[in-house]
Amino acid sequence: MCGIVGYIGDKEAYPIIINGLKRLEYRGYDSAGVAIVDKRTKIYKKKGKVNELEKLVYNKDVSGNIGIGHTRWATHGEPNDVNAHPHTSENGHFTVIHNGIIENYSRLKKRLEDRGYNFVSKTDTEVLANLIEFIYIKGKGEIDAEQAVRLALSKVIGAYGIVIIAKDEPDKLIAARKGSPLVIGIGEGEYFIASDATPIIEHTDSVIYLNNDNVAVIKKDQLTLKTIGNDKREPLIQKLSMDIGSIEKNGYDHFMLKEIFEQPKSITDTFRGRIAADLSEIRLGGLHEVMPKLENAKRILIIACGTSWHAGLVAEYLIETIARIPVEVEYGSEFRYRKPIIYKDDVIIAISQSGETADTLAAINIAKEAGATVVGICNVVGSSIPRETHAGVYTHAGPEIGVASTKAFTAQVTVLTMIAILLGKNNNKISEKKYLEYIKELTDIPSKVEEILKSDSLIKEISALYKNASNFLYLGRGYLFPVALEGALKLKEISYIHAEGYPAAEMKHGPIALIDENMPVVVIATQDNSYDKIVSNIQEVKARNGKVIAIVTEGDTVIKDLADHVIEVPKSHEAIAPLLTVIPLQLLSYHIAVMRDCNVDQPRNLAKSVTVE
Ligand code: M6R
């Protein structure tokens, strides 16, 4: 949560920072602010989105070649102008932007108050700014800004990505990281700093990902890297492979719509190079070393949050059915605090689009400490989870900017399907013939998704009929139960309509009481082993006058006669069906949210990566 941008070089800093903030706005949009260094440090900050900040700054002096900017997702202190970043220490020595949480901030604040410090905001960041200043002033000229920062950080418990301006050393920026990501872009006589690479890619493709405990002192033509404990570190320069088009809307009204329509390509990118051209085998290079552990695992534990957790649930069905290895799926937030039993021969699969989700990261560390092998499935290259895990597979879906996850989900399920098929084959749980059939099914997915996307206008018409509903129920069985959960989550988060996902058979144990003529029920009812049973569930809904929107296999005539609306998807093996059936649900939630005038890409109260617990 929160986006951070910094610039130091010969160019005007403000336009670079404001553009960077727009790219990072998906990380939080409660307030935005900038600090630009010229002869003095000029600070502007405003509640609301980056465009509110732009209005405030219009016609004001923003000249200067060094600057920092921040877009906030509020943790400590309500979203208002005062709590917006940057925060300056009481005597003006340090100006700080921060992503993360200082957990011991109230203790530190109390100590600073006892020593005469006053606070204007309710934020933990102002405490950090004042702590650095207190140490700096106490050093009586014996310590420089960098030392003060390192000493202050050694007293801090929590997570941070920070960038700091020091009034007495105006030719540098100081950046530090623990837990919250920071990337530094290297230009010609200039550096760019950001929470992720999206603001950097238009300037340079050479980057350094800061590691935990790193402190970087950045001048326009020099960067030095140390640990908080003052040990020197050699910066590892890496090349970005992202292209600028992937972070633009490219003519779509919203990033979410673009990302839904990108799925034929993103799914292809996910299996590109991993399925042999003659469809004879799956190769997952990133798992090569841990494959024997996976094959012999007594149990696989999947850890994730939100949509990634739903992908994990699909994997439970896939891996148990195809590879016959027991699987448990856990929320990171529950796993980390419930004293889980972890065996050394367990394999943990952590799934995360951003690779930065705090609860998933914490769960990974617990599993590692217990001696288990941890595999990551992440989308953002160079993010924290791939760095913390023993092995992994990138989903290669490309940047996902819309807060509601769409293409990342289908990419995760694609990877998990490949893993299940490979394990099934290696453990002799499926025949060579079946293995080849699954591979073929998987490679047919992009063209089938293309077909489903042609139903967009039909789905829009259906959306118009139900846009004012107060509740929705989503039902699915087997592989399609997690899809029901995912459909409900998509609707909730972007349209603010209450929605529940249920295994269809569970309906009669409670939710059926909700059904009346005002209740739209989305039933995912493609032709598989439980088809007859889900047809009965549809009848149960209709008998109570509920409105049924059914996702069916093309050519289905039985459900067509029962349901109020049908949306067809091409025929596929039931194990592959989640990748198809989720697409109409993404479009349904998108259109309903647009018709309700909701901010689809930046839904209220949410942020793209949840880097706080
Ligand atoms: O980056 P991650 O996949 O770890 O994020 C997990 C959840 O925060 C995320 O999936 C969230 O639920 C999305 N907003 C859902 O659309």
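Q: Which residues are linked with Arg23 in a network of salt bridges?
A: A salt bridge here is a side-chain nitrogen of Lys or Arg within 4 Å of a carboxyl oxygen of Asp or Glu. By that rule, the network takes in Arg23 plus Glu202 and Glu248.

Q: What should you know about the model and its numbering?
A: This is a predicted model, where local features need pLDDT of at least 70, side-chain atom pairs count only at pLDDT 80 or more, and totals for chains, interfaces and linings use all residues. Side-chain values use heavy atoms, leaving out hydrogens and water, and residues are numbered along each chain as its sequence is written, from 1.

Q: How many residues apart in sequence are the parts that Arg23 and Glu248 tie together?
A: The closest N and O atoms of this salt bridge are 3.2 Å apart. Arg23 sits in helix α1 (residues 13-24) and Glu248 in the loop between β15 (238-239) and α6 (255-261), so the parts they tie together are separated in sequence by 225 residues.

Q: Is Arg23 buried or exposed?
A: Buried means under 20% relative accessible area, exposed means over 50%, and partly exposed is in between (1.4 Å probe, protein chains only). Arg23 comes in at 17% relative accessibility, so it counts as buried.

Q: Which side chain joins Glu133 in a polar contact of 2.5 Å?
A: Glu133 is buried yet has no salt bridge, and Lys167, its nearest side chain of opposite charge, is 7.5 Å away. A polar contact is a pair of N or O atoms within 3.5 Å; within protein, one must be able to donate a hydrogen and the other to accept it, and residues adjacent in sequence count only if both atoms are side-chain atoms. The partner of Glu133 in that contact is Ser89.

Notes
Lys and Arg count as positive and Asp and Glu as negative; His and the chain ends are not counted. Helices (H or I, at least four residues) and strands (E, at least two) are DSSP runs, numbered from the N terminus.
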